[in-house]
Amino acid sequence: MKPKIKLAIASVCVVFLSAVIVFLYPGCDESYSSQLRGVEKAKLTSAPYVPQPITRNHPTKVIVDLETTEEVKKLADGVEYVFWTFGGDVPGKFIRVKEGDEVEFNLHNSPNSKMPHNIDLHAVTGPGGGAASSFTAPGHTSTFSFKTLNPGLYVYHCATAPVGLHIANGMYGLILVEPKEGLPPVDREFYVMQSEFYTEGAYGDVGLQPFSQENAVDENPSYVVFNGSVGSLTGDKSLTAKTGETIRLYIGNGGPNLVSSFHVIGEIFDRVYGEGGTVVNQKNVQTTIIPAGGSAIVEFTVDVPGTFILVDHSIFRAFNKGAIGMLKVSGKEDLVIYSGKQKEDVYLGSNEEPNKDIFAGPINVEQIPGTSQASMHEEEKEMDMSAFGKSIFTYTCAPCHQQNGEGLPNVFPPLAKSDYLNKSKEIVVNGVINGLQGEITVNGKKYNGIMPPQNLNNKQIAAVLTYVYNQWGNSGKKVTEDEVQKVRIKKILSIK
């Protein structure tokens, strides 16, 4: 082959490979220059939003202006807290720069602040991550500069003593240093940051809640939340996307104490940049660990519509302390990927091994300690009906309706102060004998589920219902074995 032809072929290959690089990494091309050029002011965003990807192919001088404030804001419905913030928000503003940039950082402390503040950016190579140069009294500004040597997703936080107090009050955020070649393009990017709040009052106690040093030291938060408050990513504030889109979440954990087990219910992370680095170190991940003061980048494609729940899978934090969010996806159904519920039937247990497990299908009270027929008659002589009913309740009813009779919101109706329960003994007895299916209204709230028939004899049903009727502010009625038997006979006659 002639040298000129070889040269032409090589040139075509170079052009083709360059085009591929530009397509995959739009922020970079073959002419990327390490020479610093120009000046720009950083565009900062509030969670859950993220500044646009950086498309320039050279480093520049970036000016960042960030104000620290102290202000009363909502922590939960009816609950307020004095937050210390970067930029008026918790978490602080999202900062986006690029590898090789020279950043001029201006930290302004509001004249209304009572405390001095500073900033430690984990992206900074230097004493205190900038904290040593940014201690700022109220009504003052401190300026320092740094070069972004290492790409990645980094936490920043206040490091003024006592450091834990400043972080616990809301002073943290994320700074993304894009690699010089940029990140692969996605359809949507969001900013989510988990943290804890330690209040004197318990979760949900209304009013302005003060910080609890004791609870913080014991690592016992009243609240574990995303983006600074309960409900910040639910309802009208939910994240949104369309089917077929690729989502990138920049996730941080401000702590100050707990490790996050971040999970999206109904989704699998296609790619995870572990610990906020720039290399995909795992694929097809269900839950990723994010340490306090750490971060992660996760990417996934949403294939079907619906509401996908973001949680800390240390699950009581989600459903009892606030670490819950929503991603609402609209678009066309794909019934092959996910069919939805196709049918629903009543299950009465296996015919091969009936009642092998007392919580699998109808409960056979013969298996409950102290309630077998062989021992029951002797024990009933010693045990009054209330105690006997309580024993039955504990093993048959409490797993769903809870030991205190409060039920579970939107799932299992309450038995405590229940208008449904107190309206008609016959309806209640029939429900225990024959089960319930379909919508009912209890204390003004609708429930739509299935309660299977309970495998109890007349004495056991009379005892457990009498116990329930005499607890938790109910009517105090008594159910007799004869009343139970009449309901059974009515059912038999109706079948005949």
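This presentation goes through a cavity, a sheet, a hairpin, a helix and a loop residue in one predicted model.

Good morning, colleagues. I shall begin with the interior space. A search of the whole structure finds 1 cavity of 30 Å³ or more, and the volume of the largest cavity is about 30 Å³. Which residues line the largest cavity? The lining consists of Gly 152, Leu 153, Leu 176, Pro 179, Leu 183, Tyr 273, Gly 277, Thr 278 and Ile 297.

Let me take Tyr 273 from that lining. Tyr 273 belongs to strand S16, which covers residues 269-273. Is Tyr 273 buried or exposed? Its relative accessibility is 5%, and Tyr 273 therefore counts as buried, the cut-off being under 20%. Leaving aside residues up to four places away in sequence, Tyr 273 touches Pro 184, Thr 278, Val 279, Val 280, Asn 281, Ala 296, Ile 297 and Glu 299. With Glu 299 there is also a polar contact, side chain to side chain, at 3.4 Å. Leu 153, another lining residue, is 120 residues from Tyr 273 in sequence, yet the C-alpha atoms of the two are 9.3 Å apart in space.

Leu 153 brings us to the sheet. Strand S8 (residues 152-157) pairs with strand S9 (residues 172-178) in the antiparallel sense, over 6 bridges. Leu 153 stands opposite Leu 176 in S9, and both of these leucines are among the residues lining the largest cavity. In what order do the 4 strands of this open sheet run? The order is S4-S9-S8-S6, and the pairing is mixed. Strand S4 (95-98) and strand S6 (120-121) stand at the edges; each has a single partner strand, so one side of each is left without a neighbour in the sheet. As a general reminder, strands of a sheet pair through backbone hydrogen bonds, either parallel or antiparallel.

A further antiparallel pair is formed by strand S22 (residues 436-442) and strand S23 (residues 445-451), over 7 bridges. Within this pair, Ile 440 has Tyr 447 in S23 as its bridge partner. The two strands form a hairpin with 2 residues between them, and Asn 443 in the turn has a positive phi of about 50°.

I turn now to helix H10. The helix comprises 12 residues, 458-469, and spans 16 Å from its first C-alpha to its last, close to the 16 Å expected at 1.5 Å a residue. At the start of H10, a side-chain oxygen of Asn 457 comes to within 3.1 Å of the backbone nitrogen of Lys 459. Why can H10 be called largely enclosed by the rest of the structure? The reason is that 11 of its 12 residues are buried. Among them are Asn 458, Gln 460, Ile 461, Tyr 467 and Tyr 469.

Finally, consider Asn 257, in the loop between strand S14 (246-255) and strand S15 (260-265). Its relative accessible area is 25%, which means that Asn 257 is partly exposed. Beyond residues up to four places away in sequence, Asn 257 touches Glu 196, Tyr 198, Ala 216, Glu 219 and Ala 292. Two of these contacts can be described further. The side chain of Asn 257 makes a polar contact with the side chain of Tyr 198 at 2.8 Å, and the side chain of Asn 257 also reaches the backbone oxygen of Ala 216 at 3.1 Å. Gly 293 is 36 residues from Asn 257 in sequence and 8.8 Å from it in space, C-alpha to C-alpha.

Thank you for your attention.

Conventions. Residues numbered from 1 in each chain as written. Predicted model: local features only at pLDDT ≥ 70, side-chain atom pairs only at ≥ 80, totals over all residues. Heavy atoms only, no water. Buried < 20%, exposed > 50% of the residue type's maximum accessible area, 1.4 Å probe, protein only. Contact = heavy atoms within 4.5 Å. Polar contact = N/O pair within 3.5 Å; in protein donor to acceptor, adjacent residues only side chain to side chain. Pairing = 2+ DSSP bridges. Expected span 1.5 Å × (residues − 1). 1 Å grid on protein atoms, 1.4 Å probe; cavity = no way out; pocket = protein on both sides within 12 Å on 5 of 7 lines; lining within 4 Å. Points joined across faces, edges and corners; volume = space filled by probe spheres on them.
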